Amino acid sequence: MSKRIVEIFVAGCLLCDETVKEVQGILCPSCDLRILDLRTDKSAQTKAAECGITRVPAVTIDGNLASCCAGKSVDIGLLKSLGVGEPL
């Protein structure tokens with residue numbers, strides 16, 4: 001029987017822990033959950049880069065980044081436009 005592969009990319013933060021609990025709460029027998037710790041797992045880091053993951057927690061389903069996790073990375077230009085780096 002084929003299973004849906006659900007991967008959660010984490011880095012040990014409170015939000016990551018909460019996401020793991022929430023996803024575990026909705027799994028069914030057709031799901032195979034994998035937790036990938038980006039702090040220690042080099043292959044997870046490589047996979048995260050391949051999937052376009054720029055923030056954690058992030059979830060992939062069968063190797064595809066869930067749309068809810070497809071946020072942009074920090075925009076330095078935007079931060080500068082908001083005054084970061086400028087004296088008050």
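Here is a short round of questions and answers about this predicted model.

Me: Before we start, how are residues numbered, and what should I know about the model?
Reply: Happy to help: local features need pLDDT of at least 70 and side-chain atom pairs count only at pLDDT 80 or more, while totals for chains, interfaces and linings use all residues. Side-chain values use heavy atoms, leaving out hydrogens and water, and residues are numbered along each chain as its sequence is written, from 1.

Me: In what order do the helices and strands of the protein chain run from the N terminus on?
Reply: Helices (H or I, at least four residues) and strands (E, at least two) are DSSP runs, numbered from the N terminus. The protein chain has three helices and four strands. From the N terminus on, their order is β-α-β-α-β-β-α.

Me: Is glutamate 7 buried or exposed?
Reply: Let's place glutamate 7 first: it sits in strand S1, residues 4-10. Buried means under 20% relative accessible area, exposed over 50%, and partly exposed in between (1.4 Å probe, protein chains only). With a relative accessible area of 3%, glutamate 7 is therefore buried.

Me: With which side chain does the side chain of glutamate 7 make a polar contact?
Reply: A polar contact is a pair of N or O atoms within 3.5 Å; within protein, one must be able to donate a hydrogen and the other to accept it, and residues adjacent in sequence count only if both atoms are side-chain atoms. For the side chain of glutamate 7, the distance is 2.6 Å, and the partner is the side chain of lysine 47.

Me: Is lysine 80 buried or exposed?
Reply: Lysine 80 belongs to helix H3, residues 76-81. Its relative accessibility is 58%, so lysine 80 counts as exposed.

Me: How are the buried residues of H2 placed, seen down its axis?
Reply: In helix H2 (residues 42-51), the buried residues are Ala44, Ala48 and Cys51. Seen down the axis, they fall within an arc of 70 degrees (taken from the directions from the helix axis to the C-beta atoms). On the other side of H2, the exposed residues are Lys42, Ser43, Ala49 and Glu50. The buried ones therefore line one face of the helix.

Me: What radius of gyration does the protein chain have?
Reply: The radius of gyration is taken over C-alpha atoms, and the globule rule is 2.2 Å times the number of residues to the power 0.38. For a compact globule of 88 residues the value would be near 12 Å, but the protein chain has 16 Å.
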